[in-house]
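Please examine the sequence and the structure shown below. The report that follows describes selected parts of the model under short headings.

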Amino acid sequence: MSKKIKWGIVGTGWIADQFAADLAHVTNGEGYAVGSRTIESATEFAAKHQIARAYGSYKELAQDPEVDAIYIGTPHPFHKENVLTALRAGKAVLCEKPFTVNSGELEELIGFAREHKLFLMEAMWTRFLPTIRQVREWIHAGRIGEVKLVKAEFGFRVDWNPEGRLLNPDLGGGALLDTGIYPVSFASMVFGPEPKHVWSTAHIGETGVDETFSILLDYGNGRTAMLNGAVRLGLTNEAYIHGTKGYIRIPSFLNSTSATLHVDGEEAQTFQDDRASTGYAFEAEEVGRCLNEGLLESTTISLDESLGIMKLMDQIRAQWGLRYPFE
């Protein structure tokens, strides 16, 4: 019989709140503990989500012997430290995207997890949504023929707040790490994380972060990806996958609830996801499945792929001459 995974949650911000709420829809796991920088914040969060244990530090949470897996929901620059705290306590870890701020940090985490035989996964929730699973099935079944072009974009216009997380370079702000991880990871899902050629451009705003960007990736043999992201510009947030026989359209692809398959110029099939959860439940289910099967990583988004994506994002930032103050 599968064990019900007891989850510990690091952080009490918006994304941690979403994840905690979705644990109510997880069949193989439950929220058990939460850790914050203050006991007051942890206690309030625990009460809201009916979580049994609240801790005033991340280390205390990691050392709870009842916790099986820890979800990291803190801002990007703190991921490495928070993941290491959990791994050193022997816990399985699901870390919010982007995994780290650069590939060097991620290599360290992967090395530690593999050396100590601990489960580690990037929380790219989009990969586990029923709609995206269906999209992959259409592609693998050859419904649109040979895939030649991916187009994906995610962007919104945040209010001007130089001290806020999205525009503050000290917090890893900017479009690439926050919104760009979605289209870059989406292209990797289809073509892999190692294009042959990379061209990109970005608008660096007055706070020193990338406010908008455009990327063109060449994978060889006529296969390309066109990607856009922004934190100061509203985009369509759609994705298209074009093949030699047709194409797939995915509205709001990052949290997609539908996708339409077009074959030979006609609409062939529409997939509709009527899920009750926001969508974070599926990645938590995957972690539970892997742990119960004794797996150390997920094949849906492997550690090697996550590292390849982070190396690609490093390459893209290098083209812009953009480094964060803490690097």
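## Helix α5 and its surroundings

The buried residues of α5 are covered by elements that include α4 (79-88), β6 (120-123) and α9 (303-320). The structure is a predicted model. The residues of α5 that are buried are S103, E105, L106, L109, I110, F112 and A113.

Helix α5 comprises residues 103-115, which makes 13 residues. Its end C-alpha atoms are 18 Å apart. This agrees with the expected span, because at 1.5 Å a residue the helix should also span 18 Å. The N-terminal end of α5 is capped by N102, a side-chain oxygen of which lies 3.3 Å from the backbone nitrogen of G104. Just after α5, K117 takes a positive phi of about 55°.

## Nonpolar cores

In soluble globular proteins, nonpolar side chains tend to be buried together. In this model, the largest nonpolar core has 79 residues. The residues with the most contacts inside this core are W7, I9, F186, I241, I248 and I250. Helix α7, which runs over residues 175-191, gives the most to the core, with 11 residues.

Another core, of 27 residues, lies apart from the largest one. Among its members are Y58, F99, L106 and M310. Of these, L106 has already appeared among the buried residues of α5.

## The largest pocket

The largest pocket has a volume of about 760 Å³. It is lined by 33 residues, and those closest to its centre are W14, I15, G73, T74 and R165.

Which elements give two or more residues to the lining of the largest pocket? They are α1 (14-22), α4 and α7. Helix α7 gives the most, with 4 residues. Helix α4 is also among the elements that cover the buried residues of α5.

## The cavity

The count of cavities of 30 Å³ or more comes to 1. About 50 Å³ of space lies in the largest cavity. Its lining consists of M124, T126, R127, I132, Y182, S185, F186, M189 and F253. One of these residues, F186, is also among those with the most contacts inside the largest nonpolar core.

Which element gives the largest share of the lining of the largest cavity? Helix α7 does, with 4 residues. Helix α7 thus recurs in this report: it gives the most to the largest nonpolar core, and it gives the most to the lining of the largest pocket.

Methods
Residues numbered from 1 in each chain as written. Predicted model: local features only at pLDDT ≥ 70, side-chain atom pairs only at ≥ 80, totals over all residues. Heavy atoms only, no water. Core = buried A, V, L, I, M, F, W, Y, C linked by side-chain atoms within 4.5 Å. Buried < 20%, exposed > 50% of the residue type's maximum accessible area, 1.4 Å probe, protein only. Expected span 1.5 Å × (residues − 1). Contact = heavy atoms within 4.5 Å. Polar contact = N/O pair within 3.5 Å; in protein donor to acceptor, adjacent residues only side chain to side chain. 1 Å grid on protein atoms, 1.4 Å probe; cavity = no way out; pocket = protein on both sides within 12 Å on 5 of 7 lines; lining within 4 Å. Points joined across faces, edges and corners; volume = space filled by probe spheres on them.
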